[in-house]
Amino acid sequence: MNGVDEVERVVALAVAVERSGMLPLEEQGALLDTYRRARERVLRQGSAEDVRRLREIDEAMGPRRVLSRL
């Protein structure tokens, strides 16, 4: 998978996590964990361009609730 695909995957996972309120808690947690691992992978292993794109997308999405497990 190339960097662009990874960034797009992280963004799609972020949207899925934000919309996962109707899922059972176990599924919400699994989705959140998948998002976190994918995001870390981009931040650690992605190119400078991938990291820049991910941060730009984060900023463009504006303020949102923190994606965390309660």
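What follows is a tutorial chat about reading helices, burial, the core and salt bridges in a predicted model.

Me: Let's start with the overall layout. How many helices and strands does the protein have?

Reply: Keep in mind that we're reading a predicted model. The protein comes to three helices and zero strands, and from the N terminus on the order is α-α-α.

Me: What do the contacts say about how the chain folds back? What share of those with a separation of 6 or more comes from residues 24 or more positions apart?

Reply: Look at sequence separation. Here, 65% of the contacts with a separation of 6 or more are between residues 24 or more positions apart. For one pair in space, take Arg9 and Ala38: they're 29 residues apart in sequence, yet their C-alpha atoms are 7.7 Å apart. Arg9 belongs to helix H1, residues 3-18, and is partly exposed because its relative accessibility is 31%. Ala38 sits in H2 and is buried.

Me: How do I check a helix's length, and what does helix H2 span?

Reply: Compare the end-to-end C-alpha distance with what 1.5 Å a residue would give. Helix H2 covers residues 25-45, 21 residues in total, so 30 Å is expected, and its end C-alpha atoms are indeed 30 Å apart. Helix H3, residues 48-61, passes a similar check: its 14 residues reach 20 Å, close to the 20 Å expected.

Me: Now burial. Which residues of H3 are buried, and how are they arranged around the axis?

Reply: The general idea first. An α-helix has 3.6 residues a turn, so residues three or four places apart point the same way. In H3, the buried residues are Asp50, Val51 and Leu54. Seen down the helix axis they fall within an arc of 100°, so they line one face of H3. On the other side, Ala48, Glu59 and Ala60 are exposed.

Me: And which residues are buried in H2?

Reply: That list is Gly29, Leu31, Leu32, Tyr35, Ala38, Arg39 and Val42. For the whole protein, 26% of the 70 residues count as buried. It exposes about 5,000 Å², with carbon and sulfur atoms supplying 54% of that area.

Me: Which residues make up the largest nonpolar core?

Reply: Follow the buried nonpolar side chains from one to the next. The largest core here has eleven residues: Val7, Val10, Leu13, Ala14, Val17, Leu31, Leu32, Tyr35, Ala38, Val42 and Leu54. H1 and H2 are the elements giving two or more residues to this core.

Me: What does Leu54 touch?

Reply: Skip its neighbours within four places in sequence, and Leu54 is in contact with Val7, Val10, Val11, Arg39, Val42 and Leu43. Val7, Val10 and Val42 are listed in the core alongside Leu54.

Me: What about the loop between H1 and H2? Is Leu23 there buried, exposed or partly exposed?

Reply: Leu23 is in that loop and counts as partly exposed because its relative accessibility is 35%. Beyond four places in sequence, Leu23 is in contact with Gln28 and Leu31.

Me: On to charges. How many salt bridges does the whole structure have, and where are the partners of Glu6 and Arg41 placed?

Reply: A search finds four. When you read one, ask where each partner sits and how exposed it is. Glu6 and Arg41 pair up at 3.3 Å, N to O. This pair links distant parts of the chain, with Glu6 in helix H1 and Arg41 in helix H2, 35 residues apart. Glu6 counts as buried because its relative accessibility is 13%, while Arg41 is partly exposed at 35%.

Me: Which salt bridge has both partners in helix H2?

Reply: That's Arg44 with Glu40, at 3.0 Å, N to O. They're four residues apart, about one turn of the helix. Arg44 is exposed, at 69% relative accessibility, and Glu40 is partly exposed, at 36%.

Me: Why are Arg52 and Glu56 separated by about one helical turn?

Reply: Because they're four residues apart in helix H3. Arg52 is partly exposed, at 36%, and so is Glu56, at 42%. Salt bridges with shared partners join Glu49, Arg52 and Glu56 into one network. The closest N and O atoms of the Arg52 and Glu56 bridge are 2.3 Å apart.

How values were computed
Residues are numbered from 1 along each chain as its sequence is written. This is a predicted model: local features need pLDDT of at least 70, side-chain atom pairs count only at pLDDT 80 or more; totals for chains, interfaces and linings use all residues. Side-chain values use heavy atoms; hydrogens and water are left out. Buried means under 20% relative accessible area, exposed over 50%, partly exposed in between (1.4 Å probe, protein chains only). The expected span of a helix is 1.5 Å times one less than its number of residues. Contact means heavy atoms within 4.5 Å. Accessible areas come from the Shrake-Rupley method with a 1.4 Å probe; for residues, only the protein chains shown count as cover. A nonpolar core is a set of buried Ala, Val, Leu, Ile, Met, Phe, Trp, Tyr and Cys residues joined through side-chain atoms within 4.5 Å. The arc is that of the directions from the helix axis to the C-beta atoms. A salt bridge is a side-chain nitrogen of Lys or Arg within 4 Å of a carboxyl oxygen of Asp or Glu.
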